[in-house]
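Colleague: I would like a close look at one part of this protein, namely the empty space enclosed inside it. Please take me through that part and what surrounds it.

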Amino acid sequence: MPLDVILLVLFGALLHATWNAIVKAGSDKPLDAALISAGGAVSALPFLAFLPLPHSAAWPFIGISAILQFAYFQLVAAAYRAGDIGLVYPLMRGCAPLLIAATSGFILKENLSAGALAGTMTICAGVLTLALEARRGSSRAVLLSLANACVIASYTYVDGIGARISGNAVSYTLWMSLLPPVLLFSWAASQRGAFAVARHVRRNWWRGLIGGAGSIASYGLALWAMTKAPVATVAALRETAILFALVISITVFKEKASIWRYVAGVVIAIGGLVLKLA
């Protein structure tokens with residue numbers, strides 16, 4: 001991968017860890033997750049008029065992605081209610097590239113080299129270390145994180161293919177961001193009532209706008225990179241966000257855990273870098 005692609009994916013990783021921290025810090029995590037999704041859509045709107053429409057073949061992928069993104073944001077909120085960001089984030093983000101690397105040969109015909117296999121096994125070792133350390137934590141948080149890793153792997157495939165056939169990865173990303181907040185807020189209003197949702201939006205709109213802009217920029221950079229390099233490679237490199245999340249968990253949230261949680265996060269990130277270099 002060219003250096004500029006690597007640096008942009010790393011910057012996207014930092015943005016991703018940051019918006020997850022915003023959800024974790026919020027008082028109402030499901031609504032904060034919906035706000036961030038909506039903030040991404042609002043950030044996308046001004047640019048749509050200046051970009052070409054995605055090719056017609058990409059629209060089914062945009063629809064499927066919206067459903068998967070809805071599930072993703074719901075699981076993010078549930079996982080952060082159940083566990084620390086230092087546990088949840090590495091599990092969600094560390095297992096996803098493992099799943100992609102293990103299945104990309106079958107789905108995308110992108111066969112793994114020896115180096116890619118080494119990176120996969122390194123990530124697996126980090127995840128297993130984290131899972132063992134998590135026995136002292138919430139089993140519900142672990143299960144929710146693993147479920148979301150499956151969702152992340154699924155929408156990565158959908159969007160990686162969709163961006164490639166769309167003709168313009170940026171346009172695909174922006175159009176893809178519009179439907180998930182509609183689904184999330186419709187669901188929230190049906191469960192909580194429109195008044196409660198509107199009150200939370202009025203008080204916390206700025207969190208959604210800041211986090212949403214970071215979210216859409218982070219994912220847009222990753223999708224653009226997937227048009228320049230194999231999906232599994234980009235997905236793995238993006239998981240260096242785990243390191244940023246672990247730093248945030250220590251410095252911002254003052255989370256306490258055994259040293260093994262942080263060792264596991266570093267091992268997962270190293271595995272991602274090995275995959276990148278493969």
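How much space lies in the largest cavity?

Modeller: Bearing in mind that this is a predicted model, the largest cavity holds about 200 Å³ of space, and a search of the whole structure finds two cavities of 30 Å³ or more. As for its walls, 19 residues line the largest cavity, and those that lie nearest its centre are Q69, F73, S215, I216 and Y219. Two or more lining residues come from each of helix 1 (3-25), helix 2 (29-48), helix 3 (59-82), helix 8 (179-192) and helix 9 (194-226). Sorted by class, the lining consists of eleven nonpolar residues, seven polar ones and one that is charged.

Of these elements, helix 9 deserves a description of its own, for although helix 9 has 33 residues, its end C-alpha atoms are only 38 Å apart, whereas a straight helix at 1.5 Å a residue would reach 48 Å. Along its course, helix 9 bends by about 70 degrees at N204.

Helix 2, another contributor to the lining of the largest cavity, contains D32. With a relative accessible area of 3%, below the 20% under which a residue is called buried, D32 counts as buried. The side chain of D32 also has a polar partner, since a polar contact of 2.8 Å joins it to the side chain of H200.

Conventions:
Residues numbered from 1 in each chain as written. Predicted model: local features only at pLDDT ≥ 70, side-chain atom pairs only at ≥ 80, totals over all residues. Heavy atoms only, no water. 1 Å grid on protein atoms, 1.4 Å probe; cavity = no way out; pocket = protein on both sides within 12 Å on 5 of 7 lines; lining within 4 Å. Points joined across faces, edges and corners; volume = space filled by probe spheres on them. Helix = DSSP H or I, 4+ residues; strand = E, 2+ residues; numbered from the N terminus. Nonpolar A, V, L, I, M, F, W, Y, C, P; charged D, E, K, R; others polar. Expected span 1.5 Å × (residues − 1). Bend = angle between axes of the 7 residues up to and from the residue. Buried < 20%, exposed > 50% of the residue type's maximum accessible area, 1.4 Å probe, protein only. Polar contact = N/O pair within 3.5 Å; in protein donor to acceptor, adjacent residues only side chain to side chain.
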